[in-house]
Amino acid sequence: MHGANRLGANSLLDLVVFGRACAKTIAEVNKPGESIGSLSATAGEFSIANLDQLRHANGSIKVADLRLKMQKTMQEHAAVFRTGNVLQEGVKKMDAIYKEMSELKV
């Protein structure tokens, strides 16, 4: 997949590989004529509240600084060629970075 992505063919790859997997899952889970359950009156409010919380965040860490930490961690610990130990260390570091989101400033 990485080679296809670098050649600019990732959209076709997504359609073929992931589209097929998605369609198979839908066919297994859903049957023709099934009804879809109704949504509650508050459906989606949690998502909006989460976005508003981020939009109004007034902590001490800038978004760009947190993004850079995440980028460097991913580059060092989740590159194409990696070992299990390096990846596990990266997961621990990303967990710590995720906790810093409570101090995010937008």
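In this predicted model, methionine 94 is in contact with Met70, Thr73 and Met74, leaving aside its neighbours within four places in sequence. Methionine 94 also belongs to the largest nonpolar core, which has six residues. The other members of that core are Ala57, Ile61, Leu66, Ile97 and Leu104.

**The pairing of helix 4 and helix 5**

Helix 4 covers residues 63-77 and helix 5 covers residues 84-99. Their axes come within 9 Å and cross at roughly 170°. Angles over 145 degrees count as roughly antiparallel, and helix 4 and helix 5 are therefore roughly antiparallel to each other. By class, their contact has seven nonpolar, three polar and four charged residues.

On the helix 4 side, the residues that meet helix 5 are Leu66, Lys69, Met70, Thr73, Met74, Glu76 and His77. On the helix 5 side they are Val86, Leu87, Glu89, Gly90, Lys93, Met94 and Ile97. Leu66, Met94 and Ile97 from this contact are also listed in the largest nonpolar core.

**Threonine 73 and histidine 77**

Two residues of helix 4 can be set side by side. Threonine 73 is found in helix 4, and histidine 77 has its place there too. Buried means under 20% relative accessible area. Threonine 73, with a relative accessible area of 10%, is therefore buried, and histidine 77 counts as buried at 7% relative accessibility.

| Residue | Relative accessible area | Contacts, not counting residues up to four places away in sequence |
|---|---|---|
| Threonine 73 | 10% | Ala78, Gly90, Lys93, Met94 and Ile97 |
| Histidine 77 | 7% | Arg82, Val86, Leu87, Glu89, Gly90 and Lys93 |

Gly90 and Lys93 appear among the contacts of threonine 73 and also among those of histidine 77. What does the side chain of histidine 77 reach at 3.4 Å? The partner is the backbone oxygen of valine 86. Threonine 73 and methionine 94 are 21 residues apart along the chain, and their C-alpha atoms are separated by 7.1 Å.

**The chain as a whole**

The chain has five helices and two strands. Read along the sequence, these elements follow the pattern α-α-α-β-α-α-β. Of the 106 residues, 8% count as buried. Among contacts in the chain with a separation of 6 or more, residues 24 or more positions apart account for 68%.

Terms used:
Residues are numbered from 1 along each chain as its sequence is written. This is a predicted model: local features need pLDDT of at least 70, side-chain atom pairs count only at pLDDT 80 or more; totals for chains, interfaces and linings use all residues. Side-chain values use heavy atoms; hydrogens and water are left out. Axes are lines fitted to C-alpha atoms, for helices over the stretch in contact, and angles run from 0 to 180 degrees between N-to-C directions. Helices (H or I, at least four residues) and strands (E, at least two) are DSSP runs, numbered from the N terminus. Angles under 35 degrees count as roughly parallel, over 145 as roughly antiparallel, 65 to 115 as roughly perpendicular and the rest as oblique. Contact means heavy atoms within 4.5 Å. Ala, Val, Leu, Ile, Met, Phe, Trp, Tyr, Cys and Pro count as nonpolar, Asp, Glu, Lys and Arg as charged, and the others, Gly among them, as polar. Buried means under 20% relative accessible area, exposed over 50%, partly exposed in between (1.4 Å probe, protein chains only). A polar contact is a pair of N or O atoms within 3.5 Å; within protein, one must be able to donate a hydrogen and the other to accept it, and residues adjacent in sequence count only if both atoms are side-chain atoms. A nonpolar core is a set of buried Ala, Val, Leu, Ile, Met, Phe, Trp, Tyr and Cys residues joined through side-chain atoms within 4.5 Å.
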